Amino acid sequence: MTDNTMAAGAAPAATSSASTTAANNTTFAVILSLSFCHLLNDMMQSLVPALYPILKDSHALSFTQVGFITLAFQCTASMLQPVVGFATDRKPQPYSLMAGMGFTLIGLLLMSRADSYPSILMAAALIGMGSSIFHPEASRVARMAAGGRYGLAQSLFQVGGNMGSAAGPLLAAFIVIPAGQHSLVWFSGAALVAMMVLFQVGGWYARRRAAQKPAARGNAAVAATRAPALSRGRVIAAVAVLVALLFSKNVYSASLGSYFTFYLIAKFGIDVQTAQFYLFAFLVGIVAGTIAGGMFGDRVGRIPVMWFSIVGALPFALMLPHANLFWTGVLAVTVAMIMASAFSAILVYAQDLLPGRVGLVAGMFFGFSFGLGGLGAAAMGQIADVAGIETVYRLTPFLLLLGLLTAFLPRHLGGVPKVAR
């Protein structure tokens, strides 16, 4: 009888263990699927700035007009992402991820055939719109699939996007630049693959929500009504500081991402393909910095990472305009690594400031990341037209002094000092 009892007890335990393992494998597959789609999404987006030298020459564009392409591309994402995040916090849309990728597909097809400046702007805006729909809801699904390991899930999701951004210029150097603007149509296949994967993710999301609907509603209600440990005024001030940090970081990043190839060509006389390899190295630095920032943020806290990321990049950014070609590449990668480490820290800190608003926070900060960079790119383009591209790289490092505002961030949130160490 004892043996039978033991066997009876062992069977449910084995079943439970197998179910847990299967659930973990399923959710890990969902996170990796989201990361893969993030890679494809950001790879397709990064083809737009990589195409700038071709568009500038073939359509006789000024630097200001190039800057406004970036503005159109990024501001659709900036303006729509918080709206999408707010709406999906209230009513999640499992299949909106696939719909967002559809906008990117249409934008790519239009960009490949664009023969006028207005059509280029429209195509860039559609690609940005696809990104605005993808990011907030994808962040929510990654968190849902995290099984409590939110840092790991966010890191995997973010690195997928960074790798896609880094791959874009490399693909442009080998495919788009030799074959021309029309070759963008070949990348529409990546959008179709992402749509198929996201359809499967949307099905998992819908089933998970249906199975956990009562608990999810209760948790959302608690999170929405929970009073923060900080006063409303201090929360608003802290969010304003985070936005200022993003402004300083992303305007400088936009000056590198949008005009780095032009700077290298103008100053060192290298060809477009070689300049694209330097841009690729810069974007690889962003990938490495994101991973390192997430690791150190969990160990030493969010605020020290923010300090290091913004202010620590300043001396290297100041040296960059005075370096030769080799050291320009080294310094650009160093600045990219240091500055990229801040984004995950800023995002997690903001989520702690605004509990229960995962979509809104993701929309706000992914959106500001796009939009502020777009505004900066447009302004930098005007400066480049008037004073020369090298002037941009002499002035923009001083924006990093806004990193000193980190001193005004509260060190303790929700009574948990560990969050903002």
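A residue is taken as buried when its relative accessible area is under 20%, and in this predicted model Thr104, at 0% relative accessibility, therefore counts as buried. Thr104 has its place in helix α4, which covers residues 96–113. When residues up to four places away in sequence are set aside, the contacts of Thr104 are with Asn41, Met44, Leu126, Ile127, Gly130 and Ser131.

A second buried position is found in helix α5 (residues 117–144), where Glu137 lies. Glu137 likewise has a relative accessibility of 0% and so falls into the buried class. Apart from neighbours within four places in sequence, Glu137 is in contact with Thr88, Pro92, Gln93, Pro94, Ser96, Leu97 and Tyr205. One of these partners, Pro92, stands 45 residues from Glu137 along the chain, yet the C-alpha atoms of the two residues are separated by 7.6 Å. Polar atoms take part in this environment as well: a polar atom of the Glu137 side chain lies 3.0 Å from the backbone nitrogen of Gln93, and a polar contact of 3.1 Å joins the side chains of Glu137 and Tyr205.

Side chains of opposite charge can pair when their charged atoms come close. The structure holds 2 salt bridges. In one, Arg140 is paired with Glu137, with 2.9 Å between the closest N and O atoms; both residues belong to helix α5 and are 3 residues apart, about one turn of the helix. Arg140 has a relative accessible area of 12% and is therefore buried, as is Glu137 at 0%. In the other, Glu390 is paired with Arg394, and the closest N and O atoms are 3.7 Å apart. These two residues both lie in helix α16 (residues 389–395), with a spacing of 4 residues, about one turn of the helix. Here the partners fall into the partly exposed class, because the relative accessibility of Glu390 is 28% and the relative accessible area of Arg394 is 38%.

The largest nonpolar core comprises 113 residues, of which Leu34, Leu242, Tyr259, Phe365, Tyr393 and Leu409 touch the most other members. Helix α9 (residues 232–268) supplies the largest share of this core, with 16 residues. For Phe365, the contacts beyond four places in sequence are with Val239, Leu242, Leu246, Phe343, Ile346, Leu347 and Ala350.

The geometry of helix α13 was also examined. This helix consists of 16 residues (325–340), and at 1.5 Å a residue it should span 22 Å; its end C-alpha atoms are 22 Å apart, so the expected span and the modelled one agree. At the N-terminal end, α13 is capped by Asn324, a side-chain oxygen of which lies 3.3 Å from the backbone nitrogen of Phe326. The buried residues of α13 are Thr328, Gly329, Leu331, Ala332, Val335, Ala336, Ile338, Met339 and Ala340.

Technical notes: Residues are numbered from 1 along each chain as its sequence is written. This is a predicted model: local features need pLDDT of at least 70, side-chain atom pairs count only at pLDDT 80 or more; totals for chains, interfaces and linings use all residues. Side-chain values use heavy atoms; hydrogens and water are left out. Buried means under 20% relative accessible area, exposed over 50%, partly exposed in between (1.4 Å probe, protein chains only). Contact means heavy atoms within 4.5 Å. A nonpolar core is a set of buried Ala, Val, Leu, Ile, Met, Phe, Trp, Tyr and Cys residues joined through side-chain atoms within 4.5 Å. The expected span of a helix is 1.5 Å times one less than its number of residues. A polar contact is a pair of N or O atoms within 3.5 Å; within protein, one must be able to donate a hydrogen and the other to accept it, and residues adjacent in sequence count only if both atoms are side-chain atoms. A salt bridge is a side-chain nitrogen of Lys or Arg within 4 Å of a carboxyl oxygen of Asp or Glu.
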